[in-house]
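Colleague: I am new to this one. Please show me the model, and let me ask how each label was earned.

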Amino acid sequence: MINTGDTAFILLCSALVMFMTPGLGLFYGGMVRSKNALGTIMHSFIMVCLVTVIWVLWGYSMAFGPDLGGIVGNLAWFGLKGVGLTPNPDYAPTIPHQAFMIFQAMFAIITPALITGAFAERMKFSTMLVFSLLWVTLVYCPLAHWVWGKGWIGNMGALDFAGGTVVHISSGISALAAALVIGKRKGFGREQFIPHNLPMTITGAAILWFGWFGFNAGSALASNGLACSAFVVTHVASAAAALTWIFAEWIHRGKPTTLGAASGAVAGLVAITPASGFVGSVSSLIIGGFAGIICYLGVLAKSKLGYDDSLDVVGIHGVGGTWGALATGLFASTAINPAGANGLFFGNPGQLWIQFVSIIATYVFAFGMSLIILKVLDWTMGLRVAEEEEIRGLDIAQHSEGAYSLF
């Protein structure tokens with residue numbers, strides 16, 4: 001039967017997660033140069049529109065529809081056929097099926113938006129749209145099915161409460177593929193690329209933190225004690241990661257920065273996501289604390305390795321998601337969630353191996369498919385704007401408008 005309290009809670013959480021994507025636009029938009037601010041924000045905002053249409057037509061059915069060999073859902077629910085107002089007991093027995101569908105839609109929306117940070121300031125808007133359509137269809141939907149839709153990773157026993165592999169590792173490793181294929185921004189390594197509006201970035205980070213409560217607590221799919229636990233550990237991990245990031249930065253660079261605090265908070269949110277429904281508050285402190293340091297080092301590594309990940313998608317989402325998935329295999333406890341499993345520190349070393357296998361599978365699949373999509377689009381549509389357009393700025397070149405007018 002439908003529980004009205006659970007339904008109201010999931011609809012509210014869906015709204016919170018939807019708000020995260022425009023918040024991501026502000027987070028990213030403040031970090032680019034002013035000539036690219038609107039184009040960068042547009043990348044996130046348009047995902048709300050594009051992915052919603054994909055999800056209604058075929059995406060939801062591919063991700064959560066009747067299983068085809070543990071790989072993908074069939075198209076029985078194409079156009080939301082049969083996805084009505086009665087519960088689907090396989091996923092959420094106390095809320096309308098449509099409530100579960102729209103909650104999951106918000107996850108699908110933000111994931112390709114995360115990738116756009118890797119190629120900010122240099123990719124054609126038209127190609128970005130086609131890439132996102134293909135990526136959601138060929139990468140996100142199968143991965144969501146593998147982990148949450150009765151697919152092989154979930155059946156193997158991997159734990160991913162709210163998207164460590166499905167959302168963050170997949171976007172992070174795909175961002176790496178995009179950065180490698182599309183190449184560096186003009187002047188990278190010779191010029192400084194200074195964020196043009198850090199108050200905007202801090203505002204975006206705050207919106208992300210706020211919305212993440214819906215992301216993780218809502219993944220309990222009911223208004224219950226597990227949702228409360230996920231809410232608490234989400235907040236704790238983010239706070240811990242922001243502190244450890246700025247302390248690492250303070251030691252390394254001599255000063256803590258607002259960008260570091262914002263990035264650290266997001267890193268903590270990323271790392272706790274897969275574990276949020278399986279760990280307690282002390283474990284979340286440890287997960288978040290290490291995330292701040294590990295992700296800071298991950299961001300530093302891009303200059304050593306020579307790739308241009310414009311807005312640190314690989315260092316925060318790829319590295320943070322990987323740490324979070326492994327940490328789930330360390331700290332998960334059935335005392336928190338009897339439907340989960342114990343991790344290494346609670347007597348079950350096998351869970352860590354299962355988490356590792358799920359990470360490697362996500363790496364290989366997401367990177368390989370993204371590489372193929374990017375190469376095909378480069379050969380057909382072209383990935384980059386012309387050099388003079390990149391110098392002029394994508395706001396004018398791609399959208400014929402500017403973020404700021406001086407009178």
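Modeller: What follows is a set of labels, each set against its definition.

Modeller: This is a predicted model, so local features need pLDDT of at least 70 and side-chain atom pairs count only at pLDDT 80 or more, while totals for chains, interfaces and linings use all residues. Residues are numbered from 1 along each chain as its sequence is written, and side-chain values use heavy atoms, with hydrogens and water left out.

Colleague: How do you know that the length of helix α10 agrees with its number of residues?

Modeller: A helix here is a DSSP run of H or I, at least four residues, numbered from the N terminus. The expected span is 1.5 Å times one less than the number of residues. For the 25 residues of α10, 281-305, that gives 36 Å. The end C-alpha atoms are 35 Å apart, which agrees.

Colleague: Which residues of α10 are buried, and what do they pack against?

Modeller: Buried means under 20% relative accessible area, exposed over 50%, partly exposed in between, with a 1.4 Å probe and protein chains only. In α10 the buried residues include Ser283, Ile287, Gly288, Ala291, Cys295, Tyr296 and Lys302. The buried residues of α10 pack against α8 (225-253), α9 (258-272) and α11 (313-331), where contact means heavy atoms within 4.5 Å.

Colleague: Why is Ser126 called partly exposed?

Modeller: Its relative accessibility is 39%. That lies between the two cut-offs, 20% and 50%, so the label is partly exposed. Ser126 is found in helix α4.

Colleague: What makes Arg33 and Glu121 a salt bridge?

Modeller: The rule asks for a side-chain nitrogen of Lys or Arg within 4 Å of a carboxyl oxygen of Asp or Glu. In this pair the closest N and O atoms are 3.1 Å apart, so the rule is met. Arg33 sits in the loop between α1 (4-29) and α2 (37-64), and Glu121 in the loop between α3 and α4, 88 residues apart.

Colleague: Why is each of the two called buried?

Modeller: Arg33 has a relative accessible area of 17%. Glu121 has 2%. Both values are under 20%, so both residues are buried.

Colleague: Which other partner does Glu121 have?

Modeller: Glu121 also forms a salt bridge with Arg185, with the closest N and O atoms 2.7 Å apart. Arg185 lies in the loop between α6 (164-182) and α7 (198-217), so the pair ties together parts 64 residues apart in sequence. Arg185 counts as buried, at 7% relative accessibility. Arg33, Glu121, Arg122, Arg185 and Asp308 are linked in a network of salt bridges.

Colleague: Where do Lys302 and Asp312 lie?

Modeller: The side chains of Lys302 and Asp312 meet in a salt bridge, at 2.7 Å from N to O. Lys302 lies in helix α10 and Asp312 in the loop between α10 and α11, so the pair ties together parts ten residues apart in sequence. Both are buried.

Colleague: What lines the largest pocket?

Modeller: On a 1 Å grid over the protein atoms alone, a pocket is an open set of points where a 1.4 Å probe fits, with protein on both sides within 12 Å along at least five of seven lines; lining residues have an atom within 4 Å of a point. The lining has 25 residues, and Phe193, Arg253, Leu259, Lys302 and Asp312 lie nearest the centre. The largest share, five residues, comes from α10.

How values were computed. Helices (H or I, at least four residues) and strands (E, at least two) are DSSP runs, numbered from the N terminus.
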